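Subject: Structure for you to look at

Dear colleague,

Here is the structure I promised to pass on, with the sequence alongside. Please open it first, and then read my notes below with the model on your screen.

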Amino acid sequence: MEYVYAGIWLLIAIILFLRFRKESRSVYLLSGYFVVLSGWWLANELTEVDLMHGAWSWAIRGVSIAVLSAAVLFYYAERKRQINKTSRNTDGEESGSNDDE
């Protein structure tokens, strides 16, 4: 069953990269994270080390928290840039229309 999870994480990474990379730069980070997660599940299945318990589970949790935090920060920074760009364009159009009158 672990192979299925590894395949699903890899499939999610590929779909994110191919379909949604134009949406936000945070998609690159998330896609890379899902590749790492896929490798983690596959390594858990293929090796004798239990990567889902003990210190190893805390390691992947730490990586998950770091990636999620970074993705949220990237998203909000990019969203803020888009809002500022839109408001500047709107302000420019309003002042341009006043000049014509």
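The largest nonpolar core in this predicted model has 12 residues, namely Ala6, Ala13, Leu16, Val27, Tyr33, Phe34, Leu37, Trp40, Trp41, Leu51, Ile60 and Val67. Helices H1, H2 and H3 (the last spanning 55–100) each supply at least two residues of this core, and the largest share, 6 residues, comes from H2. As general background, nonpolar side chains in soluble globular proteins tend to be buried together.

One member of the core that you may want to display with its surroundings is Leu16. Once residues up to four places away in sequence are set aside, leucine 16 touches Arg21, Val27, Leu30, Ser31 and Phe34.

Two serines are also worth a look. Serine 38, which is found in helix H2, has a relative accessibility of 8% and therefore counts as buried, the cut-off being under 20%. Not counting residues up to four places away in sequence, serine 38 touches Ala6, Trp9 and Leu10. Serine 57 has its place in helix H3, and at 6% relative accessibility this serine, too, counts as buried. Its contacts, leaving aside neighbours within four places in sequence, are with Leu51 and Met52, and Leu51 is a residue of the core described above.

Which residues does glutamate 2 touch, not counting those up to four places away in sequence? Glutamate 2 lies in helix H1, and the residues in question are Trp41, Asn44 and Glu45. Although glutamate 2 and tryptophan 41 are 39 residues apart along the chain, their C-alpha atoms are separated by 6.4 Å.

Asn44 appears again in the contacts of valine 49, which, leaving aside neighbours within four places in sequence, is in contact with Asn44 and Trp56. Valine 49 lies in the loop between H2 and H3, and with a relative accessible area of 41% this valine is partly exposed, because that value falls between the 20% and 50% limits.

Turning to the surface, Leu10, Ile14, Phe17, Leu18, Tyr28 and Val35 form a nonpolar patch there, and together they have about 540 Å² of accessible area. Helix H1 (2–20) and helix H2 (26–46) each supply at least two residues of the patch, with the largest share, 4 residues, coming from H1. Among the patch residues, Tyr28 lies in helix H2 and is partly exposed, with a relative accessible area of 42%. Leu10 belongs to the patch and is also one of the residues that serine 38 touches.

Two residues of helix H3 can be placed relative to the end of H1. Arginine 61 lies in helix H3 and is partly exposed, with a relative accessible area of 42%; from C-alpha to C-alpha, arginine 61 and phenylalanine 20 are 25 Å apart in space, and they are 41 residues apart in sequence. Alanine 77 also lies in helix H3 and, at 37% relative accessibility, counts as partly exposed. The C-alpha atoms of alanine 77 and arginine 19 are separated by 21 Å, with their positions 58 residues apart along the chain.

Finally, some values for the chain as a whole. The chain has 3 helices and 0 strands, and read along the sequence it follows the pattern α-α-α. Its radius of gyration is 21 Å, well over the 13 Å that the globule rule gives for 101 residues, so the chain is more spread out than a compact globule. Taken along the principal axes, the C-alpha atoms fill a box of roughly 75 × 25 × 15 Å.

Of the 101 residues, 20% count as buried. The accessible surface of the chain comes to about 7700 Å², and carbon and sulfur atoms account for 64% of that surface. Among the contacts with a separation of 6 or more, 53% are made by residues 24 or more positions apart.

With best wishes

Terms used: Residues are numbered from 1 along each chain as its sequence is written. This is a predicted model: local features need pLDDT of at least 70, side-chain atom pairs count only at pLDDT 80 or more; totals for chains, interfaces and linings use all residues. Side-chain values use heavy atoms; hydrogens and water are left out. Patches are made of residues with over 30% relative accessible area and no salt bridge: like charges are joined within 9 Å, nonpolar side chains (Val, Leu, Ile, Met, Phe, Trp, Tyr) within 5 Å. Accessible areas come from the Shrake-Rupley method with a 1.4 Å probe; for residues, only the protein chains shown count as cover. A salt bridge is a side-chain nitrogen of Lys or Arg within 4 Å of a carboxyl oxygen of Asp or Glu. Buried means under 20% relative accessible area, exposed over 50%, partly exposed in between (1.4 Å probe, protein chains only). A nonpolar core is a set of buried Ala, Val, Leu, Ile, Met, Phe, Trp, Tyr and Cys residues joined through side-chain atoms within 4.5 Å. Contact means heavy atoms within 4.5 Å. The radius of gyration is taken over C-alpha atoms; the globule rule is 2.2 Å times the number of residues to the power 0.38.
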